[in-house]
Amino acid sequence: MTLAAPFPYFGGKRRAAPLIWDALGDPAGYVEPFAGSAAVLLARPEFKGRRVETINDADGWLVNTWRAIQLRPSEVAAHAWGPVAEIDYHARLAWLQERRGDGLVSWLEGDPEVCDAKAAGWWLYVMACGIGDPFGPGPWRVIDGHLRDVRKLPHLGDAGQGVNRKLPHLGNAGRGVNRKLPHLGDAGQGALDAYMHRLADRLHRVRITCGSWERVLTPSASRAGTGGDCSRAIFLDPPYPTSGDLYAEGDADGTISHAVRAWCLTAPDDLRIVLCGYDNEHDGLIEHGWEVRHG
C-alpha cells in the first residue's frame, strides 16, 4: 500500500519515487538520512516478509511529527484538524518556533517513545497553510502572551516599557478570539483520523531517528533485514543550497551536499545508492561509475 505524504515539502520526491525504486529494487535494509516528507518510503512498492527501514532528519519538530503519527495518530489528527485561519497559522508557527532549539532534539533522543501529539498536529497545520518559506524567522513574536509584529513595536526605552505592559481586561464579552469555533461537521475529521491510522500502520516497524545524516549510514544503523534482492539501499536527498528558509535545517553554502557527495565516493560497494540534486550538481560522480537518471 502506497500513501501520499501528510504535508507538502519542498523538494519532495513523490513523482520521482517510481524511478527511485526501480533503481533501488527491493532492499532488505533501507535508509533515508534526509527524510523530510518521507514520500519515497511511503511510495515503496508492496513487499512480503521482513524489511528494516530507517528514516532520519535533523529537524526536531519534523521527527516529532513522524513519531507522533506512528504512536498517537488519533491525537495528531485531532490537533491538525480545523479551518484555515491566518490568526491560527501565525499563533501556531510562533509557538513552534519559540520551542525549537537544542533541547528539542535531545528530548527526542532521550526516549524513543516520547512525542508531542499537539505539536505534531500544529506542525502539520502550519505546513499545510503556509505560503512561502515556512521556516523563516519572520517578524512575529509572542510578547506577554500576545502575538506581536516586532517591526511595529516602538522603542520607548527601558523606563517606559510601554509595549510590554499588561493589557487591560476587557471582560468576557470582548474576548471574542477565545470563543468556541463553530462545528463544521465530523466527516472530514473522520477521514483525517483514518488516514493518520493508515500512516501509523505503515510506520509501525519503521525506525525514526533525529540527528545528523551520517549517524544512520554506519553498518550497524543500516543493517539489513531478510528477503529482498539486495542487502542495503540508501536514498540521499540532501537540502539544496538555494532553498533559503524552506528547510528548518538548511544548507545555504552547500556544505552538506558536498559532504554527502564525498561520502558517496567512499561508500561500501554492496550498497545501492540514489543521490538527488539539481541538474549537474553531482556530475563529478559519473567518472567513478555513477549513472545519471532524470526524474
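# Exercises on a five-strand sheet and its surroundings

Strand β2 (residues 52–57) pairs with β5 in the parallel sense, over 4 bridges. Strands here are DSSP runs of E with at least two residues, helices are runs of H or I with at least four residues, and both are numbered from the N terminus. Two strands pair if DSSP finds at least two bridges between them.

The model is predicted, so local features need pLDDT of at least 70 and side-chain atom pairs count only at pLDDT 80 or more, while totals for chains, interfaces and linings use all residues. Residues are numbered from 1 along each chain as its sequence is written, and side-chain values use heavy atoms, with hydrogens and water left out.

## Exercise 1

**Task.** Find the order of the 5 strands in the open sheet, and say which strands stand at its edges.

**Solution.**
- Step 1. Start from β5 and β2, where C210 of β5 is the bridge partner of D57.
- Step 2. Go on to strand β1 (residues 27–32), which runs parallel to β2 and is joined to it by 4 bridges. Here V31 has T54 of β2 as its bridge partner.
- Step 3. Take β6 and β7, which pair in the parallel sense over 5 bridges. L236 stands opposite L275 in β7.
- Step 4. Write down the full order, β5-β2-β1-β6-β7, with parallel pairing. β5 and β7 (271–275) are at the edges, each with a single partner strand, so one side of each has no neighbour in the sheet. From one strand to the next, the twist averages 15°; angles run from 0 to 180 degrees between N-to-C directions, and axes are lines fitted to C-alpha atoms, for helices over the stretch in contact.

## Exercise 2

**Task.** Which helix touches β1, β6 and β7, and which lies across β6 and β7?

**Solution.**
- Step 1. Contact means heavy atoms within 4.5 Å. Helix α1 (residues 17–24) packs on the sheet and touches β1, β6 and β7. The direction of α1 makes about 155° with that of β7.
- Step 2. α10 lies across β6 and β7 and runs at about 155° to β7.
- Step 3. Consider how enclosed β7 is: 4 of its 5 residues are buried, so β7 is largely enclosed by the rest of the structure. Buried means under 20% relative accessible area, exposed over 50%, and partly exposed in between (1.4 Å probe, protein chains only).

## Exercise 3

**Task.** Sort the residues of strand β5 (residues 207–210) by covered and uncovered face.

**Solution.**
- Step 1. In a regular strand the side chains alternate between the two faces of the sheet.
- Step 2. I208 and C210 make up the covered face of β5, whereas R207 and T209 make up the uncovered one.

## Exercise 4

**Task.** Is D237 buried or exposed, and which side chain does its own side chain meet in a polar contact?

**Solution.**
- Step 1. Locate D237: this residue lies in the loop between β6 (230–236) and α10 (255–266).
- Step 2. D237 has a relative accessible area of 14%, so it counts as buried.
- Step 3. A polar contact is a pair of N or O atoms within 3.5 Å; within protein, one must be able to donate a hydrogen and the other to accept it, and residues adjacent in sequence count only if both atoms are side-chain atoms. The D237 side chain makes such a contact with the side chain of K13, at 2.9 Å.
- Step 4. Leaving aside residues up to four places away in sequence, D237 touches G11, K13, F34 and C276.

## Exercise 5

**Task.** Describe how helix α4 (residues 73–80) packs with helix α7 (residues 117–129).

**Solution.**
- Step 1. Two packed helices are described by the angle between their axes and the distance between the axes.
- Step 2. For α4 and α7 the angle is about 45° and the axes are 7 Å apart. That makes α4 oblique to α7, since angles under 35 degrees count as roughly parallel, over 145 as roughly antiparallel, 65 to 115 as roughly perpendicular and the rest as oblique.
- Step 3. The crossing of α4 and α7 is right-handed. A crossing is right-handed if the near helix is turned clockwise from the far one by less than a right angle, and left-handed if anticlockwise.
- Step 4. Residues in the contact include V76 and H79 of α4 and W122 and Y125 of α7.

## Exercise 6

**Task.** What is the location of A38, and what is the sign of its phi?

**Solution.**
- Step 1. A38 is in the loop between β1 and α2 (39–42).
- Step 2. Its phi is near 55°, a positive value in a residue other than glycine.
- Step 3. With 1% relative accessibility, A38 counts as buried.
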